[in-house]
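Biologist: Please take a close look at a single part of this model for me. I would like to start from one helix residue and work outward to what surrounds it.

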Amino acid sequence: MIRLKEEGYQVTVVGPERAIYNGKHGIAVQAEKSIDEVKPDDFDILVIPGGWAPDRLRRNRKVVEFVEKFFNAGKTVAAICHGPQLLISAKALKGYTATCAAAIKDDVENAGAKYVDKPVVVDRNLITSRGPSDLHVFVRAIIRPGDFR
């Protein structure tokens with residue numbers, strides 16, 4: 001989030017509700033808007049975090065529908081670590097090449113994606129990365145996806 005703001009991006013954190021969410025490592029994030037307050041046309045890029053968030057978010061039908069509409073509109077979706085779990089629920093990975101946390105490799109392949117073990121993968125409107133140690137290249141790919149094609 002910080003790096004994207006440094007590059008001039010307007011970042012809006014959206015959650016199932018306007019609330020404070022605690023990350024896997026105790027970092028709190030305030031959702032500025034709820035999923036009921038936004039639509040895909042409001043944004044140019046969707047960044048899906050890793051950790052526990054994707055598994056929890058995929059249980060919310062409205063979140064999954066938002067991701068599906070966003071992705072199917074051809075807009076850029078960037079997912080790191082366990083983030084592709086949400087893309088699996090949105091049925092968005094078939095025919096794409098992607099990377100992810102090793103723990104969900106089989107899930108990504110079973111969803112129809114070709115898995116590769118690389119720090120970052122850019123395939124059309126999809127940017128994926130393995131995890132926190134690859135965060136520097138993940139954010140760089142969001143800022144300049146053409147450098148990674």
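Modeller: Start with Gln85. Setting aside residues within four places in sequence, Gln85 is in contact with Pro54, Asp55, Arg58 and Ile104. Keep in mind that this is a predicted model. Gln85 sits in helix α4, which covers residues 84-89. Gln85 counts as buried because its relative accessible area is 10%, and the cut-off for buried is under 20%.

Now move along α4 to Leu87. Leaving out residues up to four places away in sequence, Leu87 touches Ile48, Val67, Phe71, Val77, Ala79, Ala92, Leu93 and Leu126. Leu87 belongs to the largest nonpolar core, which has 28 residues. Within that core, Ile48, Val67, Leu87 and Val108 touch the most other members. Two or more residues each come from β5, α3, β6 and α4. Helix α3 gives the largest share, six residues. Another core lies apart from this one. That second core has 15 residues, including Cys81, Ala101, Val139 and Ala141.

Next, the sheet. Four strands make an open sheet, ordered β5-β6-β10-β9, with mixed pairing. The edges are β5 (45-48) and β9 (120-123), and each of these pairs on one side only. On average, neighbouring strands are turned by 10° against each other, direction ignored. In the middle of that order, β6 (residues 76-80) and β10 (residues 126-129) pair in the parallel sense over four bridges. Val77 has Leu126 in β10 as its bridge partner. Both Val77 and Leu126 are also on the contact list of Leu87.

Two helices pack on these strands. Helix α3 (residues 61-72) lies across β5, β6 and β10, and runs at about 135° to β5. Helix α6 spans residues 135-143, and its buried residues are Val137, Phe138, Val139, Ala141, Ile142 and Ile143. Those buried residues pack against α1 (2-6), β5, β6, β9 and β10. Val139 and Ala141 of this set are among the members of the 15-residue core.

One loop residue completes the tour. Pro40 lies in the loop between β4 (33-34) and β5. Pro40 is classed as buried because its relative accessible area is 15%, again under 20%. Beyond residues up to four places away in sequence, Pro40 touches Phe66, Lys69, Phe70 and Lys75. Take Phe70: Pro40 and Phe70 are 30 residues apart in sequence, yet 5.2 Å apart in space, C-alpha to C-alpha.

Methods. Residues are numbered from 1 along each chain as its sequence is written. This is a predicted model: local features need pLDDT of at least 70, side-chain atom pairs count only at pLDDT 80 or more; totals for chains, interfaces and linings use all residues. Side-chain values use heavy atoms; hydrogens and water are left out. Two strands pair if DSSP finds at least two bridges between them. Axes are lines fitted to C-alpha atoms, for helices over the stretch in contact, and angles run from 0 to 180 degrees between N-to-C directions. Contact means heavy atoms within 4.5 Å. Buried means under 20% relative accessible area, exposed over 50%, partly exposed in between (1.4 Å probe, protein chains only). A nonpolar core is a set of buried Ala, Val, Leu, Ile, Met, Phe, Trp, Tyr and Cys residues joined through side-chain atoms within 4.5 Å.
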